[in-house]
Amino acid sequence: MTAVSGARLLEVDDLRVEFGRGPDTAHVLNGVGYHVDEGETLAVLGESGSGKSVTAQTIMGILDAPPGRITGGSVRFRGEELLGADPERRRLLRGESMAMIFQDALSALNPVYTVGFQIAEQFRFRRGMSRRDAMVRAAEMLDLVRIPNAQQRVKEYPHQFSGGMRQRAMIAMALALDPELLIADEPTTALDVTVQAQIMELLDEQRRERGMGLILITHDLGVVAEVADRIAVMYAGRIVEHTDATTLYAHPGHPYTRGLMESVPRVDSGAGGVAGAPLRPIPGLPPSLAAIPNGCPFHPRCASAVDVCTDEVPPLREIGPASATQHATEHQAACHFAERFAAEGSDRPSTQEVVSR
Ligand SMILES: Nc1ncnc2c1ncn2[C@@H]1O[C@H](COP(=O)(O)OP(=O)(O)O)[C@@H](O)[C@H]1O
Ligand code: SF4
Ligand SMILES: [Mg+2]
């Protein structure tokens, strides 16, 4: 984590995306907003299907559309509106200004070309380098992401790389044109725990050295605990909580956030899980995006739901510091009772909760 003072890189506001038509329309994004500044890491956290990847694809201009449809909102990069921008402009920004890596590095790489060739293509076509010079730069990039013996490895094919090395190669490819923003969409989900930590360390180091903004998409709070400056929690195509990482862990304001924390192993004394408590998965399933419940979309799964929760949609709103010692400048949550939950804190569960354990 770092103290952050960089300029605003990305601003997403009230983003709305649907898939399909008629009564089966899936309301996938229902007013998503977040921002990323230079040099900071925003983690976007939520269960599978909450719209994390669709948001990233919309930012990058690679949304599958059709069938997807952007019905509202805005995506600004350094103040420039990207929704509706000229496709050629968007193509130019991809790689140069913003790049993305995916969970599945194997399917993102082309099996019939060497890894080096695929990295070199960017230097040839975007930087006008000769094939030979581009391969030299590709080897340097593999070395940068700590692939041992990069001079040899650059000539190998994706299947000759381990899962961790393929993800390193993807990172090399994403960093080739020195983007200002990197979106990593579940970059370590397919990897074992040791390799996960190494990849996170590499991303964090590159973010620091380049002053790059980093969006880390994950369903696993434990993975981002060490590196996120701020965390945006997504549920059913909305941001339901957003604040700095320290505040989120100590004073979750939304029962869904608390549920996510209680369903992952506690990584250390400061992050994830509730001390001494058994792991408790959130009951039930996320709603169908074609039939999002009235009122609070989380109410069918929420142990704290009361009548107002089924009637009134809680807007994402500023809830203020939960304790006098807390330095958070912003803490938003979309729950009618967020102030109360935040004040209770994650390490001081309510009496009722203690009794029910
Ligand atoms: N290509 C697509 N066609 C139809 N529906 C899609 C498509 N991509 C995403 N969706 C819908 O959007 C929802 C959210 O997807 P996604 O953003 O990938 O979730 P997450 O990344 O949070 O797991 C999915 O549950 C699905 O309903
Ligand atoms: S608004 Fe109600 S149902 Fe929704 S999270 Fe808060 S307490 Fe639970
Ligand atoms: Mg996804």
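How far does a polar side-chain atom of K52 lie from an oxygen atom of ligand 1? Keep in mind as you look that this is a predicted model. Select K52 together with ligand 1, and you will find the two atoms 2.8 Å apart.

Stay with ligand 1 for a moment. Add S53 to the selection: one of its polar side-chain atoms also lies 2.8 Å from an oxygen atom of ligand 1. Then show the main chain of S50, where a backbone N or O atom is 3.1 Å from an oxygen atom of the ligand. To see the wider setting, bring up the 13 residues around ligand 1, of which G49, G51, K52, S53 and V54 come nearest.

Now move to ligand 2. Another set of 13 residues surrounds this ligand, and the closest are C296, C302, C309, C335 and H336. Colour the shell by residue class, and you will get nine nonpolar residues, four polar ones and no charged ones. Switch on a cavity display, too: the space that ligand 2 takes up is the largest cavity.

With those cysteines on screen, are any disulfides worth looking for? A search of the whole structure finds zero. Next, pick out C296 and C309. C296 counts as buried because its relative accessibility is 10%, under the 20% cut-off. C309, at 8% relative accessibility, is buried as well.

For the last stop, select helix α11, residues 255-262. Eight of its eight residues are buried, so the helix is largely enclosed by the rest of the structure. Click through P255, Y256, T257, R258, G259, L260, M261 and E262 to visit these buried residues in turn.

Key
Residues are numbered from 1 along each chain as its sequence is written. Chains are lettered from A and ligands numbered from 1 in the order in which they are written. This is a predicted model: local features need pLDDT of at least 70, side-chain atom pairs count only at pLDDT 80 or more; totals for chains, interfaces and linings use all residues. Side-chain values use heavy atoms; hydrogens and water are left out. A residue is near a molecule or strand if one of its heavy atoms lies within 4 Å of it. On a 1 Å grid over the protein atoms alone, a cavity is a set of points where a 1.4 Å probe fits but cannot get out, and a pocket is an open set with protein on both sides within 12 Å along at least five of seven lines; lining residues have an atom within 4 Å of a point. A molecule sits in a cavity or pocket if more than half of its atoms lie within 2 Å of its grid points. Ala, Val, Leu, Ile, Met, Phe, Trp, Tyr, Cys and Pro count as nonpolar, Asp, Glu, Lys and Arg as charged, and the others, Gly among them, as polar. A disulfide is a pair of cysteine sulfur atoms within 2.5 Å. Buried means under 20% relative accessible area, exposed over 50%, partly exposed in between (1.4 Å probe, protein chains only). Helices (H or I, at least four residues) and strands (E, at least two) are DSSP runs, numbered from the N terminus. A polar contact is a pair of N or O atoms within 3.5 Å; within protein, one must be able to donate a hydrogen and the other to accept it, and residues adjacent in sequence count only if both atoms are side-chain atoms.
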